[in-house]
Amino acid sequence: MLEVNQLCKSIRQSRGTAPRVLMHQLSLQVAAGEVLAVLGPSGCGKSTLLKMIAGLEPVDSGSISFDGINLEHTPPHQRRFALMFQNFALFPHLNVMDNVAFGLVEQGRSKRDARDQACVMLDRFGLGSTATQKVWTLSGGEQQRAALARALITSPRLLLLDEPFSALDAHLRGQLRQEFSQHIAKVGIATVLVTHDQQEARAMASSGWRLQGGDLTKLW
């Protein structure tokens, strides 16, 4: 279970200006297999929250724990979390298969085994025929699906998703929402979904919260 307790974060947008509060004593819990959605206007701190949970952004105060263990001194690569950025963050010098296999290779799996598993994931997301293509040859929607496949292949303890379906057309978005939700439930991955789309949030998440003015307000 992910536990965020009394988290505070402020940013200074320019020298000489007062800090702007992004989070004020923010607390939340996400259990295994649960999807929690965080909604809110642009710039409210949704993506910053994901980065702090992942260990990529420092917190001002408060704590972040997983399964009862405080993560304050745990570097990002040891947290076993998967963060999918809004801009895909795929490696342009690698083909699609090696992008998806990358996390397994980093965990010490053989390249052959990692590639075999990557091909299985690509087939699942309808990208089997693109395995040897460079990622920059894919459409935006195809890149998004490759990023989703890469996020899932290492069976992370926690998924952190930033607008995961924003580049997809309406039909494919609905299809992947359902498939992704089924996978999360099947393997029991705790998930934090950041989105501006309330319809998407309600389709995927068992609970939804609005982040605005530094505070979380429960929507459902």
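Student: Which residue is the bridge partner of asparagine 5 in β4?

Tutor: In β4, asparagine 5 has serine 63 as its bridge partner. This is a predicted model, in which local features need pLDDT of at least 70 and side-chain atom pairs count only at pLDDT 80 or more, while totals for chains, interfaces and linings use all residues. Residues are numbered from 1 along each chain as its sequence is written, and side-chain values use heavy atoms, with hydrogens and water left out.

Student: How do you know that strand β1 is joined to strand β4?

Tutor: Two strands pair if DSSP finds at least two bridges between them. Five bridges join β1 (residues 2-11) to β4 (residues 61-66), so the condition for pairing is met. The two strands run antiparallel. The strands themselves are DSSP runs of E with at least two residues, whereas helices are runs of H or I with at least four, and the numbering starts from the N terminus.

Student: What makes β2 and β5 edge strands?

Tutor: The open sheet of four strands has the order β2-β1-β4-β5, with antiparallel pairing. Both β2 (20-30) and β5 (69-70) pair on one side only.

Student: What is the strand order of the open sheet of six strands, and why do β6 and β10 stand at its edges?

Tutor: The order is β6-β7-β8-β3-β9-β10, and the pairing is mixed. Since β6 (81-84) and β10 (215-218) each have a single partner strand, one side of each is left without a neighbour in the sheet. On average, neighbouring strands of this sheet are turned by 20 degrees against each other, direction ignored.

Student: How do you know that β3 and β9 are joined?

Tutor: Four bridges join β3 (residues 35-39) to β9 (residues 207-212), and the two strands run parallel. Alanine 37 stands opposite glycine 208 in β9.

Student: Why is helix α1 said to pack on the sheet?

Tutor: Contact means heavy atoms within 4.5 Å. Helix α1 (residues 46-54) touches β3, β6, β7 (158-162), β8 (190-194) and β9, and its direction makes about 155 degrees with that of β7. Helix α4 (residues 140-153) also packs on the sheet, touching β6 and β7, with its direction at about 170 degrees to that of β6. Such angles run from 0 to 180 degrees between N-to-C directions, the axes being lines fitted to C-alpha atoms, for helices over the stretch in contact.

Student: Why is the contact between aspartate 98 and arginine 115 called a salt bridge?

Tutor: A salt bridge requires a side-chain nitrogen of Lys or Arg within 4 Å of a carboxyl oxygen of Asp or Glu. The closest N and O atoms of aspartate 98 and arginine 115 are 2.7 Å apart, so the pair qualifies. Aspartate 98 lies in α2 (residues 96-106) and arginine 115 in α3 (residues 111-124), so the pair ties together parts that are 17 residues apart in sequence. By this rule the count comes to five salt bridges.

Student: Is aspartate 98 buried or exposed, and what of arginine 115?

Tutor: Buried means under 20% relative accessible area, exposed means over 50%, and partly exposed lies in between, for a 1.4 Å probe and protein chains only. Aspartate 98, at 16%, therefore counts as buried, whereas arginine 115, at 30%, is partly exposed.

Student: What makes Arg177, Asp197 and Glu200 one network?

Tutor: Aspartate 197 and arginine 177 meet in a salt bridge at 3.7 Å, N to O. Glutamate 200 forms a salt bridge with arginine 177, the closest N and O atoms being 3.8 Å apart. Glutamate 200 lies in helix α6 and arginine 177 in helix α5, 23 residues apart. Glutamate 200 and arginine 177 are both buried. Salt bridges that share partners thus join Arg177, Asp197 and Glu200 into one network.

Student: Which residues touch the most other members of the largest nonpolar core?

Tutor: A nonpolar core is a set of buried Ala, Val, Leu, Ile, Met, Phe, Trp, Tyr and Cys residues joined through side-chain atoms within 4.5 Å. Of the 42 residues in the largest one, Phe125, Leu159 and Phe180 touch the most other members. Its largest share, seven residues, comes from α4.

Student: How do you know that cysteine 44 forms no bond with its closest cysteine sulfur?

Tutor: A disulfide needs two cysteine sulfur atoms within 2.5 Å. The sulfur of cysteine 44 is 16 Å from the closest cysteine sulfur, in cysteine 8, which is too far for a bond. A search of the whole structure finds zero disulfides.
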